[in-house]
Structure formats: C-alpha cells, structure tokens
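I opened the notebook to go through one model and write down what I looked up. The entries follow the order in which I checked things.

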Amino acid sequence: MNQISNAKRVVIKVGTSTLTHKTGLLNIRRFEQLVRVLADLKNSGKEIILVSSGAIGVGAGKLGLSERPKDVPSKQACAAIGQCELMYAYDKLFSDYNHNVAQVLLTYDIMVDAKRKSNVINTFEALISFGSIPIVNENDTVSTEEVEFGDNDTLSVLVAEVVKANALIILSDIDGLYDRDPNRYENATLIQRVEAIDDRIRSLAGDTAGKQGTGGMISKLNAAERAMNDQIPMIIANGNDPHILYDIFDGKEVGTLFQKGEAQ
C-alpha cells in the first residue's frame, strides 16, 4: 500500500449511492464528512481531483421522482438541476476550509480528440497549480449515447490518465471485490489485492448497480484493468464512512487494491 500512501496526486471518485439517500436527496451528514476529509487531505499536501456522480440522482430527488428517469430528455433535465445543487453544496462546504473548487464537465468525444484533450490537460494543470480542487462529472445535460462515457468509473480512470495521477480511489457502497455476492452469502470473503483482471475475476462482478446510479462492479473492474495497464494503483472501498480515506493513506489494508504484480 506504500504507493497509495505516498501518492501526491490522487483522483477520488464518489458514486451516487455514497452521496445521496435512497430518496435521491443529498445525504448531508456524509457529504459534509467527505468534504471535511478531502479538505484535510488537501491541507496535508495531496493534490485532489474529485470525480463526483450524483447529478441525475440529486435532480430526480429534487423533482420528487422515485427513481432515475429512463428517457434521455428527462435524464438531461435532472442532470441540469442536480449539477447546480451538487456544485452549490461543494462550493459552500469547501469554502468553510478555505479551498476553492472548480467544475469540470466532460464528454467522451472531448477525451478522444487530441487537440481538445490537450486543452483538458492544460486546464487541469492550471487548476491544480492554483490550488483549486477540480470536481469532475460527465456533462449529462448534453451527453447522448454517442458521446457518453457510460459511467463515472470509466470517467475517473480517464481523468486519472490525463492528470497523471499517482493513485485512483473509487468509493462505492460495497467494501470491495468479494469472492462471491456478499448480499447472498454470509461467508463471502473480501479480496484484498488483485494483480490481474482475468475471466475468474470478471465472473465475480455480478450485477451491483444501484437504483440511483449507473455503474456496477463490472464497470469498476474495467476501470481497474485500464488503471493497472497505466501503472496507476486503484482501490475500491466503501464510502459510507469517508474517514476510510485516512485509513487508505495510512497504509491500512481496506477495500480491494488493484495493482500489477512485479512479474507482470
């Protein structure tokens, strides 16, 4: 875990289930805890890039919808409403700790076009040099199937690549990767380290996407495989208590670490 502990530039991704209640409305206590921990890590010298889901879920919650809408216009409308709410909350809470935040909304086509991707890299570098915390999300208000990432696990690893992050941490509503579904089997065992993504590992993913979110374990494994190929260590950990980030940077074995073995 030393490579994680010593990481200076870190991408941290938080899922919708970490930020919201089942109603879709913000989980204020957890949200405040997350911001407090991230601000403290920033104070310690870490360069934090936050990939935050939740716009569509929060927007749906504000509109009183019981679940994410299915049609594209409704999802885009919810994203427009929810993104305002998210950034207002982040800006308000981070300012209490004297940190500036910046909204960065991306679409997939930007990240695959060399010139536009270069502009993204330059913007990130400028924001980090100013001491700001970039808060990244997919631009769901204008994204369609042709230009969307599909989920923010994919987005987070692409961001980690462009900012040359030393580590990627994905906070979810599960402790990590298990050898079997922990919701069905009491004796399910957490896998603490994965050195290669193969068919056996993929078979453990199951279907873990939540009602308010889009990603599941398979999307996290896809992100992990790409991160490992880029020599970026990645951890999946439970974000229900944001203080787990302290444990991660203290070198404690929490969650599942994805990192290639020396022989690979």
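**Entry 1: second largest pocket**

I sorted the lining of the second largest pocket by residue class and got eight nonpolar residues, no polar ones and four charged ones. I keep in mind that this is a predicted model. The volume of the second largest pocket came out at about 210 Å³. I then listed its lining: Leu-25, Leu-26, Ile-28, Phe-31, Glu-32, Val-58, Lys-62, Glu-85, Tyr-88, Ala-89, Lys-92 and Leu-93. Helix H3 (28-43), helix H4 (55-62) and helix H5 (72-95) are the elements that give two or more residues to this lining. I noted H5 as the source of the largest share, with five residues.

**Entry 2: cavities**

I searched the whole structure for cavities of 30 Å³ or more and found one. The largest cavity has a volume of about 30 Å³. Its lining consists of Ala-55, Ala-79, Gln-83, Leu-105, Asn-137, Glu-138, Asn-139, Asp-140 and Thr-141. By class I have three nonpolar, four polar and two charged residues here. H5 and E4 each supply at least two residues of this lining.

I followed up one of the lining residues, Ala-79, which sits in helix H5. Is Ala-79 buried or exposed? Its relative accessibility is 2%, so I entered Ala-79 as buried. I also took the C-alpha separation of Ala-79 and Val-58, which is 7.9 Å for two residues 21 apart along the chain. Val-58 was already on my list for the lining of the second largest pocket.

**Entry 3: the sheet**

I wrote out the strand order of an open sheet of eight strands as E3-E4-E2-E1-E5-E7-E8-E6, and the pairing is mixed. Which strands stand at the edges? They are strand E3 (101-106) and strand E6 (193-194); each has a single partner strand, so one side of each lacks a neighbour in the sheet.

I then went through individual pairs. Strand E2 (residues 47-52) and strand E4 (residues 133-138) run parallel and are joined by two bridges. In that pair I found Val-51 opposite Val-136 of E4.

Strand E5 (residues 167-172) and E7 are also parallel, with five bridges between them. Here Ser-172 has Asn-238 in E7 as its bridge partner. On the pairing of E7 with strand E8 (residues 256-258), I recorded three bridges and an antiparallel direction. Ile-235 stands opposite Leu-257 in E8.

**Entry 4: burial of E7**

How many residues of strand E7 (residues 234-238) are buried? I count five of its five, so the strand is mostly covered by the criterion I use, under 20% relative accessible area. In a regular strand the side chains alternate between the two faces of the sheet. I therefore split the strand by side: Met-234, Ile-236 and Asn-238 lie on one, Ile-235 and Ala-237 on the other, and all are buried, with both faces covered.

**Entry 5: helix H10 and positive phi**

I checked the length of helix H10 (residues 217-229). Its 13 residues reach 18 Å from first C-alpha to last, close to the 18 Å expected at 1.5 Å a residue. The buried residues in H10 are Met-217, Ser-219, Lys-220, Leu-221, Ala-223, Ala-224, Ala-227 and Met-228.

After H10 comes Gln-231, with a positive phi near 60 degrees. Most residues other than glycine have a negative phi, and most peptide bonds are trans. Gln-231 lies in the loop between H10 and E7, and I have it as exposed at 55% relative accessibility.

I logged another non-glycine residue with a positive phi near 60 degrees, Asn-98. This residue is in the loop between H5 and E3. Asn-98 is exposed, with a relative accessible area of 71%.

**Entry 6: cysteines**

I counted disulfides, taking sulfur pairs within 2.5 Å, and the result is zero. Why is there no bond for Cys-78? Its closest cysteine sulfur, in Cys-84, is 12 Å away, which is too far for a bond. Looked at from Cys-84, the closest cysteine sulfur is the one in Cys-78, again at 12 Å and too far. I entered Cys-78 as buried at 1% relative accessibility, whereas Cys-84 is exposed at 57%.

How values were computed. Residues numbered from 1 in each chain as written. Predicted model: local features only at pLDDT ≥ 70, side-chain atom pairs only at ≥ 80, totals over all residues. Heavy atoms only, no water. Helix = DSSP H or I, 4+ residues; strand = E, 2+ residues; numbered from the N terminus. Expected span 1.5 Å × (residues − 1). Buried < 20%, exposed > 50% of the residue type's maximum accessible area, 1.4 Å probe, protein only. 1 Å grid on protein atoms, 1.4 Å probe; cavity = no way out; pocket = protein on both sides within 12 Å on 5 of 7 lines; lining within 4 Å. Points joined across faces, edges and corners; volume = space filled by probe spheres on them. Nonpolar A, V, L, I, M, F, W, Y, C, P; charged D, E, K, R; others polar. Pairing = 2+ DSSP bridges.
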